[in-house]
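Here are my notes for your first look through this one. Keep the picture open beside you and tick off each point as you find it.

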Amino acid sequence: MTAALAVDGLSFSYPGGRLVLHDLSLTVEQGERVAVLGPNGAGKTTFALHLNGVLELQTGAVTVSGLPLAKANLREIRRRVGMVFQNADDQLFMPSVREDVAFGPANLQLPKDEQVARVAEALAAVEATELADRAPHHLSGGEKRRVAIATVLAMRPDLLVLDEPTSGLDPAGRRELANLLLSLPLTQVVITHDLPFALELCPRSVIVSGGTVVADGPTSELLSNTGLLAAHRLELPFGFDPRALGDR
Amino acid sequence: MAGAHRHLLVHAHSPIHALAPEAKIAATFLFVVGVAVTPREAVWAFAVDGLVILVLLAVAGYGLRQALARLAAVLPFITFAFLVPFVSSGERVDVLWFSVSRDGLWAAWNIIVKAVLGTGASLVLAGTTPIPEVVRGLGRLRVPAVVVSIVSFMFRYLDLIVDEMGRMRTAMVSRAHDPRWLWQAKPIASAAGAMFVRSYERGERVHAAMLARGFSGTMPELEHRRAGARDWTWCLLVPVVSISAAVAGFALT
């Protein structure tokens, strides 16, 4: 079976010369849920922006379910990869939730009745049907996050990429988000430095540091390796012992 | 603006609320044009226009005090009009204890009555149409898409930017910043600069998010109820009154 996501030898530097990604490779199988862990400034967000071609490829290759990332495929790639950004306020820009969720399907030029159906389906999946007519900037943090996920679900993606999905959420909002993501039968790449969240959600994790993958394995194993975590500025919350939870 | 607009909208379910926004915008614009071209001596024409506005405000669900309070927004713009009769030249007449210019009196009346009627008309529009609807209406009236997008994004992000500015101000005050004199304005200027840079960067992030969902340069038009013959008929009745009054005013004066 073709991998849901194959990244091979990705390198990227911003204008000015700072090398952010350095020969990064990662393969995610269909249906897998993988956490990308790393400290601030490790290049996680830059990596995410490559997965749907918001940043242009400099070196390396990205393939989504067999389709290579290239200018000609950009539209289909962006449909296949649902990107949920770190700050929901950047993602929700239309005057109402309904219009925001319809933005993607409308860009795909789906027929109107199909657009309406997609909006209903996506809002139902995140349990936000009653928010449809609200203005996005009046929602709570947790509601914004759920609606942001709905905006990409409406495009029926093959792969969901979430950049720091727990930032700014209270513990209840965080738990609801975890339940929601567990309920979605989609390949997921969760970029985070929230290690317990990664452990709860993702059987497999990779650690990105200095712009490249430095470790790849079962999440519980990586999180039990205190030396490895310390070497890459990752820390578990005080009193948290991944071994006590057993394998998930 | 979003915050302010929540107060501008009158929460009622009047027949005016239900009309399509593009018809209401066009009607407001044409009504104001009619008022603007009415000759100032046709006092009765303004009385007819005023009556129409009063009826519309009442139907829209405005209370008397609410309507007056909002009409007061026009005051700063017309204060100078009160000076005109005193400074104008020409034939003088006595009003109360003052000797004022007859021509100046007419000029002042002209400015004040037209400003008040225009404000009244926009109150009807603002009280019955949420901003997203206004934006949609502008788009349907063939206002250039770029302008409509700018208005729409402004509405979406102004709240956020104002909040951010508030937080910055709090941060400045918390560190004992207490500007009183002009030479203390430097931190405010640099805060404004920081705001500009932050907004610009946010713009870039929003654009990335739009690209990620397949944005290709034009905002998709989503399904909403368009104005039908009924909307246009009811809405255009209003400017028909003001324009007829203007024409009759020209004929009779």
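The points below go from where the chains meet, to a helix in chain B, and then to a sheet and a helix pair in chain A.

1. Before anything else, remember that this is a predicted model. Treat what you see on screen with that in mind.

2. Start where the two chains touch. On one side there are 24 residues of chain B, and they are in contact with 28 residues of chain A. On the chain B side, the elements that give two or more residues are α9 (131–140), α10 (145–174) and α11 (186–212). Which of them gives the most? That's α11(B), with eight residues.

3. What sort of residues does chain B bring to this meeting place? Sorted by class, its side has 15 nonpolar residues, three polar ones and six charged ones.

4. Now zoom in on α9(B), one of the elements just named. Is this helix mostly covered or mostly open? Mostly covered: seven of its ten residues are buried. The buried ones are Ile131(B), Pro132(B), Val134(B), Val135(B), Arg136(B), Gly137(B) and Gly139(B). Have a look at what comes after the helix, too: α9(B) is followed by Arg142(B), which has a positive phi, near 70 degrees.

5. Over to chain A and its sheet. Six strands make an open sheet here, and if you walk across it you meet them in the order β6-β7-β8-β3-β9-β10, with mixed pairing. At the edges sit β6 (81–84) and β10 (212–218) of chain A, each pairing on one side only. From one strand to the next, the twist averages 20 degrees.

6. Take a closer look at one pair in that sheet. Strand β9(A), residues 204–209, is joined to β10(A) by six bridges, and the two run antiparallel. A handy spot to find is Ser209(A), which stands opposite Thr212(A) in β10(A).

7. Last stop: two helices of chain A, α4 (residues 97–107) and α5 (residues 112–125). Their axes come within 9 Å and cross at roughly 125 degrees. How do we describe that angle? Angles from 115 to 145 degrees fall outside the parallel, antiparallel and perpendicular ranges, so α4(A) and α5(A) are oblique to each other. The crossing of α4(A) and α5(A) is right-handed.

8. Who makes that helix contact? From α4(A) come Arg98(A), Val101(A), Ala102(A), Pro105(A) and Ala106(A), while α5(A) brings Gln115(A), Arg118(A), Val119(A), Ala122(A) and Leu123(A). By class, the residues of this contact split into seven nonpolar, one polar and two charged.

Note on methods. Residues numbered from 1 in each chain as written. Chains lettered and ligands numbered in written order. Predicted model: local features only at pLDDT ≥ 70, side-chain atom pairs only at ≥ 80, totals over all residues. Contact = placed C-beta atoms within 7 Å. Helix = DSSP H or I, 4+ residues; strand = E, 2+ residues; numbered from the N terminus. Nonpolar A, V, L, I, M, F, W, Y, C, P; charged D, E, K, R; others polar. Pairing = 2+ DSSP bridges. Axes fitted to C-alpha atoms, helices over the stretch in contact; angles between N-to-C directions. Buried ≥ 20, exposed ≤ 12 C-beta atoms within 10 Å, placed from the backbone. Parallel < 35°, antiparallel > 145°, perpendicular 65-115°, else oblique. Left-handed = near helix turned anticlockwise from the far one by under 90°.
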